[in-house]
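Here is a quick tour for anyone meeting this structure for the first time. Have a look at the picture, then read on.

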Amino acid sequence: MFTPTHEEVAAARAIVAAADEAGGRIVRVAEQMVGPPMVQAARALLSRVDGRTPRGATA
């Protein structure tokens, strides 16, 4: 089963936050242009990890 790292989850959260702030327009996140397909992928990743511990986490 795919389990994203903390960094991948943080990047997805940053993408979603930036897109929400920009009203769905294309935005720049961490020196990368991000459009609707990447936002959709980030949202999907976040919906899959709800309630799970990201890979590499120390508990």
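## A walk through the fold

Let's start in a small spot: Glu31 sits in the loop between β1 and β2. Keep in mind that this is a predicted model. Glu31 has a phi near 65°, which is a positive value in a residue other than glycine. With a relative accessibility of 68%, over the 50% cut-off, Glu31 counts as exposed.

Ala30 is found in the loop between β1 and β2 as well. Its phi is near 50°, again positive in a residue that isn't glycine. Ala30 is exposed too, at 74% relative accessible area. One more positive phi turns up just after α1, where Gly23 takes a value of about 70°.

### The overall layout

Now step back to the whole chain. It has 2 helices and 2 strands, and from the N terminus on they run α-β-β-α. Of the 59 residues in the chain, 32% are buried. The accessible surface comes to about 4200 Å², and carbon and sulfur atoms account for 55% of that.

How much of the contact list comes from residues 24 or more positions apart? Among contacts with a separation of 6 or more, such pairs make up 61%. Here's one pair to picture: Gln40 and Ala12 are 28 residues apart in sequence, and their C-alpha atoms are 9.8 Å apart in space. Gln40 lies in helix α2 and, at 58% relative accessibility, counts as exposed.

### Helix α1 and what it leans on

Helix α1 has 16 residues, and at 1.5 Å a residue they should span 22 Å; the end C-alpha atoms are 22 Å apart, so the two values agree. Which residues of α1 are buried? They are Val9, Ala12, Ile15, Val16, Ala18 and Ala19. Some background helps when you look at that list: an α-helix has 3.6 residues a turn, so residues three or four places apart point the same way. The buried residues of α1 pack against β1, β2 (32-34) and α2.

### The nonpolar core

The largest nonpolar core holds 15 residues, and those touching the most other members are Ile15, Val27, Val29, Val34, Leu45 and Leu46. Elements that give two or more residues to this core are α1 (6-21), β1 (27-29) and α2 (36-49). The largest share, 6 residues, comes from α1. As a general rule, nonpolar side chains in soluble globular proteins tend to be buried together.

Val29 is a handy residue for exploring this core. You'll find Val29 in strand β1. Is Val29 buried or exposed? Its relative accessibility is 12%, which is under the 20% cut-off, so Val29 counts as buried. Leaving out residues up to four places away in sequence, Val29 touches Ala14, Ile15, Ala18 and Val34. Val29 and Ala11 are 18 residues apart along the chain, with their C-alpha atoms 8.6 Å apart in space.

### Two salt bridges

How many salt bridges does a search of the whole structure find? The search turns up 2, and here they are side by side.

| Pair | Closest N and O atoms |
|---|---|
| Asp20 and Arg43 | 2.5 Å |
| Arg28 and Glu31 | 3.9 Å |

Take the pair of Asp20 and Arg43, whose closest N and O atoms are 2.5 Å apart. This pair links distant parts of the chain, with Asp20 in helix α1 and Arg43 in helix α2, 23 residues apart. Asp20 is partly exposed, with a relative accessible area of 45%. Arg43 is partly exposed as well, at 39%.

The other salt bridge brings us back to where we began, as Glu31 is the partner of Arg28. Both Arg28 and Glu31 are exposed.

### Putting it together

To sum up, the chain runs α-β-β-α. The core takes its largest share of residues from α1, and the buried residues of α1 pack against β1, β2 and α2. A salt bridge between Asp20 and Arg43 links helix α1 with helix α2, while the loop between β1 and β2 is home to Ala30 and Glu31.

How values were computed. Residues numbered from 1 in each chain as written. Predicted model: local features only at pLDDT ≥ 70, side-chain atom pairs only at ≥ 80, totals over all residues. Heavy atoms only, no water. Core = buried A, V, L, I, M, F, W, Y, C linked by side-chain atoms within 4.5 Å. Buried < 20%, exposed > 50% of the residue type's maximum accessible area, 1.4 Å probe, protein only. Helix = DSSP H or I, 4+ residues; strand = E, 2+ residues; numbered from the N terminus. Contact = heavy atoms within 4.5 Å. Salt bridge = Lys/Arg side-chain N within 4 Å of Asp/Glu carboxyl O. Areas by Shrake-Rupley, 256 points an atom, 1.4 Å probe, with all protein chains shown as cover. Expected span 1.5 Å × (residues − 1).
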